[in-house]
Amino acid sequence: MSVPQNLLLHDIPDYHKLDVYISNGGYDIYRKAIKMTPDEVTNEVKKSGLRGRGGAAFPTGLKWTFMPKGNDKPKYLAVNGDESEPGSFKDRQIFERNPHQLIEGILIAGYAMGINAAYIYIRGEYHKWIKLMQKALDDAYVKGFVGKKMKDTFGNNYFIDIYIHKGAGAYICGEETSLMVSIGGDRGYPRYKPPFPAQRGIWDMPTTVNNVETITTVPAIMKIGADTYSKIGTPGHPGTLLFGVSGHVKKPGVHELPTGTLLSDIIYNYCGGVRNDKKIKAVIPGGSSTPPLRGDEIEGVKMDEESLKAFGTHIGTGGIIVMDEDTDVVKVTLRIAHFYHHESCGQCTPCREGCGWMENILKRVAAGEATSHDLDMLITVANNIEGNTICALGDAAAWPVRGFVTKFREDFEKAVKEKRTYIPPNIVHGRRNTSEELTTIAS
Ligand SMILES: Cc1cc2nc3c(=O)[nH]c(=O)nc-3n(C[C@H](O)[C@H](O)[C@H](O)COP(=O)(O)O)c2cc1C
Ligand code: SF4
């Protein structure tokens with residue numbers, strides 16, 4: 001069988017409509033899946049090598065095996081479409097262009113894990129995409145593809161109900177423990193793991209959390225078979241990925257490509273190269289939390305988790321942000337630090353305080369009020385946040401700051417040395433002047 005490249009986004013007109021989806025074999029894959037036992041379905045997903053597309057690249061089949069067997073408790077599937085990481089805009093392509101494959105993926109995942117209720121958690125600002133997804137879900141219900149009517153439609157005893165849950169616009173609600181709490185009706189605060197979601201999830205019941213793209217990939221795997229799927233892209237991280245490319249490229253957009261595609265190929269062939277044919281200063285490979293690459297190190301870089309790890313970064317959500325040679329990386333780092341400081345839920349001290357310290361130091365660097373010592377301090381603060389918090393937002397805040405300061409130290413040194421404002425000793429007993437006072441003194 002030849003290896004298909006488009007498993008998630010198809011070029012068929014009106015593919016988002018139920019009748020078009022059905023006429024292209026839609027919901028037949030679920031029919032095929034229920035001829036297998038639930039464990040066989042899980043094993044097929046395991047064999048495919050599919051890794052989660054929500055950021056951590058965790059093996060999906062393995063995650064499904066954590067779900068306890070038996071029906072003594074309700075079990076839930078939470079499909080994560082919070083998509084709030086700056087630079088990430090790929091899940092909304094699925095809501096818009098292929099919602100029925102997502103629904104079919106939920107049916108298959110639900111069948112494999114014995115789950116009767118699923119929640120699709122969609123970022124609150126995605127008004128348009130919530131509506132589109134709801135329409136697709138309503139159509140599937142009417143047709144008897146979801147809910148109790150499934151039993152008659154597909155002639156077996158399994159059913160699943162699917163609900164759309166609208167987020168309220170908090171990045172932290174994309175973190176899995178906080179997402180489950182938010183679905184349960186409480187404020188989206190993360191909590192420690194263990195217990196893991198499969199032990200204690202929505203309303204304290206066993207839950208599996210998977211990203212929208214992950215679940216949408218499942219019908220494609222069942223269609224072409226795990227063996228064929230595992231041969232697409234790189235062996236350690238197979239399949240296709242939705243790469244959302246933004247920044248200084250001529251043609252920003254989302255491209256479905258095999259893992260392991262060269263980053264330079266994505267930028268120059270699929271996205272038309274850099275605007276005004278400038279050189280590249282930096283590339284963020286997988287959403288704002290992933291450490292950047294320098295323009296002079298992207299040659300030969302492959303876009304999959306294992307290859308990127310070798311460069312000290314990650315595939316994350318596949319959200320690639322390209323920055324040209326004129327980019328002020330100090331301002332970029334400050335903007336990113338501001339985002340994480342603003343989104344920190346404030347429960348743990350290293351994240352709550354550390355994110356604020358990093359932002360404040362960066363403000364001083366950008367204003368020409370810092371010293372080289374402050375740059376070292378930024379790295380120290382980032383190091384002390386990483387790994388010392390309840391959830392991974394702390395790491396997500398620390399990585400880009402440490403990455404930018406380390407990889408672009410010369411730009412930061414320039415900012416502190418060349419832009420540095422002369423701060424005269426203060427007339428009030430050595431208190432340091434603020435930049436506003438200096439402006440007043442100068443005038
Ligand atoms: C602060 C934060 C925000 C996150 N936001 C998202 C998100 O918007 N979508 C998503 O799928 N995963 C997000 N994640 C990762 C989830 O916690 C979880 O790992 C993922 O949904 C699991 O799905 P997967 O195994 O299919 O990748 C976020 C993690 C953190 C720490
Ligand atoms: S790391 Fe930050 S966002 Fe996560 S729980 Fe702690 S304070 Fe909240």
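**Exercise 1. Find the strands that helix α12 (residues 263-270) lies across, and the angle at which α12 runs to β8.**

Solution. This is a predicted model, so let us take it one step at a time.
- Step 1: Locate helix α12, residues 263-270, and look at the strands it lies across: β7 (240-247), β8, β9 and β11 (319-324).
- Step 2: Compare directions. Helix α12 runs at about 135 degrees to β8.
- Step 3: Place these strands in their sheet. The sheet is open, has 5 strands with mixed pairing, and follows the order β8-β7-β11-β9-β10.
- Step 4: Look at the edges. Strands β8 (253-258) and β10 (293-294) each pair on one side only.

**Exercise 2. In which direction does β9 run relative to β10, parallel or antiparallel?**

Solution.
- Step 1: Recall that strands of a sheet pair through backbone hydrogen bonds, either parallel or antiparallel.
- Step 2: Strand β9 (residues 280-284) is joined to β10 by 2 bridges, and the two run antiparallel.
- Step 3: For a concrete pair, start at Ala282, whose bridge partner in β10 is Arg294.

**Exercise 3. Describe the open sheet of 4 strands and the helices on it.**

Solution.
- Step 1: Read the order, β3-β2-β1-β4, and note that the pairing is parallel.
- Step 2: The edges are β3 (161-166) and β4 (207-211), each of which pairs on one side only.
- Step 3: From one strand to the next, the twist averages 20 degrees.
- Step 4: Zoom in on β2 (residues 117-122), which 6 bridges join to β3 in a parallel run. Here Ala118 stands opposite Ile162 in β3.
- Step 5: Add the helices. Helix α6 (residues 99-113) lies across β1 (76-81), β2, β3 and β4, at about 145 degrees to β1. Helix α7 (residues 127-142) packs on the sheet too, touching β2 and β3, and its direction makes about 170 degrees with that of β3.

**Exercise 4. Work out how α16 and α18 are placed relative to each other.**

Solution.
- Step 1: Helix α16 (residues 372-385) packs with helix α18 (residues 409-417) at an angle of about 135 degrees, their axes 9 Å apart.
- Step 2: The two helices are therefore oblique to each other.
- Step 3: At the contact, Ser372, Asp374 and Leu375 of α16 meet Phe412, Glu413 and Val416 of α18. By class, that gives 3 nonpolar, 1 polar and 2 charged residues.

**Exercise 5. Which residues come nearest to ligand 2?**

Solution.
- Step 1: Of the 14 residues around ligand 2, the nearest are Cys345, Cys348, Cys351, Thr389 and Cys391.
- Step 2: Helices α15 (349-366) and α17 (393-407) each supply at least two residues of the shell.
- Step 3: Sorted by class, the shell has 8 nonpolar, 5 polar and 1 charged.

Technical notes: Residues numbered from 1 in each chain as written. Chains lettered and ligands numbered in written order. Predicted model: local features only at pLDDT ≥ 70, side-chain atom pairs only at ≥ 80, totals over all residues. Axes fitted to C-alpha atoms, helices over the stretch in contact; angles between N-to-C directions. Parallel < 35°, antiparallel > 145°, perpendicular 65-115°, else oblique. Contact = placed C-beta atoms within 7 Å. Nonpolar A, V, L, I, M, F, W, Y, C, P; charged D, E, K, R; others polar. Near = placed C-beta within 6 Å. Pairing = 2+ DSSP bridges.
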